[in-house]
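Student: I have a model open and would like to work through its fold. Can we go step by step?

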Amino acid sequence: MSMDQTALAIKPVKEKKAPVKRITKQRITVKKRKTIVRDISWLSFNARVLQEAADTTVPLLERLRFLGIFSNNLDEFFRVRVATLKRMSTVGRSARMHLEENADQILEDIQRTVISQQQEFNRIWKEIEDELKREKIHLLTEKQLNREQQKFVTSYFNEEVRTNIIPLMLESIPQMPYLRDKSIYLAVVLAREDNSVRQKFALIEIPTSTLPRFIILPAKEDEHAIILLEDLIRFNLPHVFSYFGYDKFSSHIIKVTRDAELDIDNDVSTSLIHQIEKGLKARRKGKPVRFIYDQQIDALLLEYLMRRMGLSKKDNLIPGGRIHNFKDFINFPEQVFTRERTRRKTFIHPLFQNAPSVMQVIAQQDVMLHFPYQSFDTIIDLLREAAMDPNVTTIKITAYRLAKNSRIINALINAVRNGKQVVVVLELRARFDEEANLKWKERLEEEGVKVLYGIPGMKVHAKLCVIKKRLGNKTVQYGFVSTGNLNEKTARIYGDHCLLTTNRNIMADINRIFSYLENSRHDEKVLQACKTLVVSPYNMRRHFIRMIDREIRHARRKKPASIILKMNSLSDEELIGKLYDAARAGVEVKLVIRGICCAYTENKKWKKNIEAVSIVDEYLEHARVFIFHNNGHEKVYIASSDWMVRNLDHRVEAAVAIETPSIRQELIEILNIQLNSNVKVRVLDNEQQNAYKHSSGRKVRAQVEIYKYLHEKTYL
């Protein structure tokens, strides 16, 4: 990836049987930087998402969804990372953060890259739009409606839309109205054909929060017709502005992205809840960090909007196509497709298929669940069983992101109603889920659940649960350590691992972590007593440095040495430096990184280059797995933590070494499937060009092969 001078020029790349586009191409100038700029690496990841949208072997509905994911990712990137860089830029060089030495230069690189990616996005969308037409699915504009459709659109507008919109007449408003983040606006020029009156400008917020973005229209029996809500409003502009006597209208979509960081200070006199609520209000009025507009917009209108909003050419002005907020395309109507491939069906882990009790199974042996291949229902069943079991006394659990209608929460509430003590560590600062988690907090506390809010200045990201059950005169403990959130919705598309266990040492450490979280002093000495779990911020960094150093010693003694790491993001400079030391010593280092990878992978001074790949496919690769050869006695860990500064130093995270040989081998085989796959796999080289991995042998698609492996696996 480029350092100080990066531009992503988009060039095509061909792959056998599946012609796609290479979305990123960069020149790299290696100066004294030891790592790749984090934000540029993130853009390279989002380019891989765009590659999936460009891939004609991907079902059409999925391609639309990848466009939506790309758009949503970019929104969050601007709301958080670009906003942070802009704040740094205003302070100056003294505001250096992790890996960002020159905020102004990075912002320039981002602007150039995003415009280039936007051009490719528009090309892909045009291609998909043509394919939709071939499938007899027509996305119509207001100018393409037949009489029946015009009648339908007028009726729908009067019945559903009219009362949901209030146009803003800009020139009559002294101060520019506040434009909300996440919303799109129709910027309208009102005029008369005879030019008898001066033209006026107006804004209409498209009410997608209350109405569907896609409206299915009447169409021929073998066809489907859809109109976007903004185009339906465009058709009815003469009715909207009928009071003013205008008969000529032009309109274009605009969108503002705002700074979304929550600036929560450490003022001990202010409760965390109040700080978060204050931060949420501030977020809604954050400074603009991006302004997107239809490149066909009226020039005078664009100039007027920029002047009223106080924007300049330095403010990430992004010219785009006719449609914005493509994130809504994640929910494009499925019913209009007749030949779409369905996802592989999740299945219950064989050990639980006919078992009357989840706790009975894990009392006999540890079990590893692999989502989304295996069903998340087992976790729900475990908590439901615990809620009903009269011998269960206590349930403690961490929660970061929850499903909208969470069955996890329902099970915990029923546990309280059944007389159990329930403790939930609810992370109120889970980015973009703060508001939802505040509501969950109120609901849980109303039902009698003890809710903990985490630690000042530190998020709780560990995925842990302990269930205490009284059997006779002894207490038996059940629980789990997971790589993913307790969210039954995302568990259908996120690739994660979850260890269900009654291991006494693991349960003792989980209890220590909850003790640390429950005690208002948050004494780190409690974490020091952990003997099995590796915990951030206490010892995770040091532990994995020791593991890397051990492999380096083995390599120097001419013994086999290897490290396999799978995670979402790798950006921590210290750990990347240790991986460089390992490569220099001849350790075989292999990485499977979905997103940010700030590590270089090739260097003439190393004995062995680093092999790094990224898999972007139907499921989101979310698991963290770390494997160290350990002189033939492999140490295998699953973790909640990526190797980033924030995870290692500023969050409560947990990793667990897998002691059961069969589960350890299972994880090794799954990682080997991913490393040996050659479909949907991109090579992460120094330039992070996103070139596809090629092989002259059999085509191996990791997610398909892992499904087969787990589905056919037998357990004793």
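What follows is a set of questions and answers on this predicted model.

Student: How many helices and strands does the protein chain have?
Tutor: The model is predicted, so read each value as computed from it. Of the 716 residues in the protein chain, 59% are buried. The secondary structure comes to 19 helices and 29 strands.

Student: What share of the contacts with a separation of 6 or more joins residues 24 or more positions apart?
Tutor: Glu 334 gives one example of a long link, as its C-alpha atom is separated by 7.3 Å from that of Leu 61, 273 residues apart along the chain. For the protein chain, the share is 75%.

Student: How many disulfides are there?
Tutor: Two sulfurs must lie within 2.5 Å to count. The sulfur of Cys 498 has its closest cysteine sulfur in Cys 465, 8.8 Å away, which is too far for a bond. For Cys 597 the closest is in Cys 598, at 7.1 Å, again too far. The count is zero.

Student: Are Cys 498 and Cys 597 buried or exposed?
Tutor: Buried means under 20% relative accessible area. Cys 498 has a relative accessibility of 1%. Cys 597 has a relative accessible area of 1%. Cys 498 counts as buried, and Cys 597 is buried.

Student: How is the pair of Trp 125 and Phe 329 classed?
Tutor: The structure holds 28 aromatic pairs. In this one the ring centres are 5.4 Å apart and the planes stand at 80°. Planes over 60 degrees apart count as edge-to-face. The pair of Trp 125 and Phe 329 is therefore edge-to-face.

Student: How many residues apart in sequence are the parts that Trp 125 and Phe 329 tie together?
Tutor: Trp 125 lies in helix α3 (residues 103–134), and Phe 329 in the loop between β11 (317–320) and α9 (358–364). Trp 125 and Phe 329 are both buried. The parts they tie together are 204 residues apart.

Student: Which residues does the cluster of ring pairs link?
Tutor: Trp 125 and Phe 329 both belong to this cluster. Ring pairs link them with further Phe residues. The full set is Phe 70, Phe 121, Trp 125, Phe 214, Phe 326, Phe 329, Phe 332 and Phe 337.

Student: Which charged residue sits over the ring of Tyr 707?
Tutor: Tyr 707 is buried, and so is Phe 347. Their ring centres are 5.7 Å apart with planes at 85°, so the pair is edge-to-face. It links Phe 347, in the loop between β11 and α9, to Tyr 707 in helix α19 (residues 702–712), 360 residues away. The charged end over the ring of Tyr 707, 6.0 Å from its centre, is that of Arg 344.

Student: Which strands stand at the edges of the sheet that contains β8?
Tutor: This open sheet has three strands in the order β3-β8-β7, with mixed pairing. An edge strand has a single partner, so one of its sides is left without a neighbour in the sheet. The edges are β3 (137–140) and β7 (214–217).

Student: Which residue in β8 stands opposite Phe 214?
Tutor: β7 and strand β8 (residues 224–228) pair in the antiparallel sense over four bridges. Phe 214 stands opposite Leu 228.

Student: Which helix packs on that sheet, touching β3, β7 and β8?
Tutor: Its direction makes about 140° with that of β7. It spans residues 147–161. The helix is α4.

Student: What is the bridge partner of Val 188 in β6?
Tutor: The six-stranded open sheet runs β4-β6-β5-β9-β10-β11, with mixed pairing. Its edge strands are β4 (168–169) and β11. Strand β5 (residues 184–191) and strand β6 (residues 200–205) pair in the antiparallel sense over six bridges. The partner of Val 188 is Ala 202.

Student: Which residues does Gln 118 contact, leaving aside neighbours within four places in sequence?
Tutor: Gln 118 lies in helix α3. With a relative accessible area of 14%, Gln 118 is buried. Its contacts are Ile 318, Pro 319 and Gly 320.

Definitions and conventions. Residues are numbered from 1 along each chain as its sequence is written. This is a predicted model: local features need pLDDT of at least 70, side-chain atom pairs count only at pLDDT 80 or more; totals for chains, interfaces and linings use all residues. Side-chain values use heavy atoms; hydrogens and water are left out. Buried means under 20% relative accessible area, exposed over 50%, partly exposed in between (1.4 Å probe, protein chains only). Rings of Phe, Tyr and Trp (its six-membered ring) pair if their centres lie within 6.5 Å; planes under 30 degrees apart count as stacked, over 60 as edge-to-face and the rest as tilted. Helices (H or I, at least four residues) and strands (E, at least two) are DSSP runs, numbered from the N terminus. A charge sits over a ring if NZ of Lys or CZ of Arg is within 6 Å of the ring centre and within 35 degrees of the ring normal. Two strands pair if DSSP finds at least two bridges between them. Contact means heavy atoms within 4.5 Å. Axes are lines fitted to C-alpha atoms, for helices over the stretch in contact, and angles run from 0 to 180 degrees between N-to-C directions.
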